[in-house]
Amino acid sequence: MEEIRIDVTKQTEEELALAREHSQLIFKFNHTMPGTEESTAVLLRIFPEIGEGSRVEPPLTAIRPHNVKIGKNVVVMPGCLMMSAGGITIDDGAMIAANVQLISNNHDLYERQIITCKPVHIGKNAWIGAGATILPGVTVGDNAVVGAASVVTKDVPADTIAVGNPAKCIKKIPPKE
């Protein structure tokens, strides 16, 4: 997986204007009555690529949300942090519990104004437990479960339960009878 590097000191006026717009939209979303047409309209401006039947609960923190793709029937509970310079994809039916951090970027160890970016991918019907952190470059496979407060540094295969810090795969989920 190729790493993208962004020098945050060399952002264009357009990039800075987009960041301001996103910041203001997220503020508005977090301070608008949930479940209203106004709230939905703001959410659609924050995430133009959000599937039918999906919902995102405030409060939300998102940096570069235009790099987030949300499938159909996804649930994102309150307190989610999306650092999405590297891109975040959340596939259909995924459940993101409260206070989850989806982090697709980090800082270079020597040139801290450089952010290093790799995409995060949450598979179909995956369940990310409360307070879990998914780090850059990680794919959580279809139907996988990440336990609460886990820190995921490596891919989680489909139909697998991963827990801990760093998260380790502890069990395959048997097929439903």
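This tour goes through a predicted model one selection at a time.

**Helix α2**

Begin by selecting residues 37-46, which form helix α2. Four residues of α2 are to be shown as side chains: S39, V42, L43 and I46, each of them buried. When the view is turned to look down the axis of α2, these buried residues fall within an arc of 105°, so they line one face of the helix. In an α-helix there are 3.6 residues a turn, so residues three or four places apart point the same way. Next, add E37 and R45; both are exposed and sit on the face of α2 turned away from its buried side. To see what covers the buried residues, display α1 (13-30) and β2 (55-56), which are among the covering elements.

**The largest pocket**

Keep α1 in view and select A19, H22, A62, I63 and R64. Of the 17 residues that line the largest pocket, these lie nearest its centre. The volume of this pocket is about 330 Å³. Which element gives the most to the lining? It is α1, with six residues. At least two lining residues come from each of α1, β3 and β10 (105-107).

**The five-strand sheet**

From β3, move into the open sheet whose order is β3-β6-β9-β14-β17, five strands with parallel pairing. Its edges are β3 (60-63) and β17 (151-152); each has a single partner strand, so one side of each is left without a neighbour in the sheet. Now select residues 133-134, strand β14, which pairs with β17 in the parallel sense over two bridges. Within this pair, I134 stands opposite V152 of β17.

**The four-strand sheet and V120**

A second open sheet has the order β4-β7-β12-β15, with four strands and parallel pairing. Here the edge strands are β4 (68-70) and β15 (139-140), each pairing on one side only. Strands β12 and β15 are joined in the parallel sense over two bridges, and I122 stands opposite V140 in β15.

Centre the view on V120, which belongs to strand β12 (residues 120-122). Is V120 buried or exposed? With a relative accessible area of 1%, V120 is buried. Leaving aside neighbours within four places in sequence, a contact selection around V120 returns G87, I88, T89, I103, S104, I134, L135, P136, G137 and V138. I134, met above opposite V152, is thus listed again as a contact of V120. For a distance label, pick the C-alpha atoms of V120 and D155: 35 residues apart along the chain, they are separated by 9.7 Å.

**Strand β11 and its partners**

Select residues 114-117, strand β11. I114 and T116 point one way from this strand, I115 and C117 point the other way, and all are buried. In a regular strand the side chains alternate between the two faces of the sheet. Strand β1 (residues 4-7) runs antiparallel to β11 and is joined to it by four bridges, with I115 as the bridge partner of I6. Strand β10 also pairs with β11 in the antiparallel sense, over three bridges, and N106 has T116 as its bridge partner. The two strands β10 and β11 form a hairpin with six residues between them.

**Cysteines**

The count of disulfides is zero. C80 is in none, and the nearest cysteine sulfur, that of C117, is 17 Å away. At 1% relative accessibility C80 counts as buried, whereas C169 is partly exposed, with a relative accessible area of 43%.

**Backbone geometry in the loops**

Finish with four loop positions. Most residues other than glycine have a negative phi, and most peptide bonds are trans. In the loop between β2 and β3, select P59; a cis peptide bond joins P58 and P59, with omega about 0°. Then go to P166, in the loop between β18 (160-164) and β19 (167-172), where the bond joining N165 and P166 is cis and omega is about -5°.

N143, in the loop between β15 and β16 (145-146), has a positive phi near 65° and counts as partly exposed at 34% relative accessibility. The last selection is D159, in the loop between β17 and β18. Phi of D159 is also positive, near 55°, and D159 counts as partly exposed at 29% relative accessibility.

Technical notes. Residues numbered from 1 in each chain as written. Predicted model: local features only at pLDDT ≥ 70, side-chain atom pairs only at ≥ 80, totals over all residues. Heavy atoms only, no water. Buried < 20%, exposed > 50% of the residue type's maximum accessible area, 1.4 Å probe, protein only. Arc of directions from axis to C-beta. Contact = heavy atoms within 4.5 Å. Disulfide = S-S within 2.5 Å. Pairing = 2+ DSSP bridges. 1 Å grid on protein atoms, 1.4 Å probe; cavity = no way out; pocket = protein on both sides within 12 Å on 5 of 7 lines; lining within 4 Å. Points joined across faces, edges and corners; volume = space filled by probe spheres on them.
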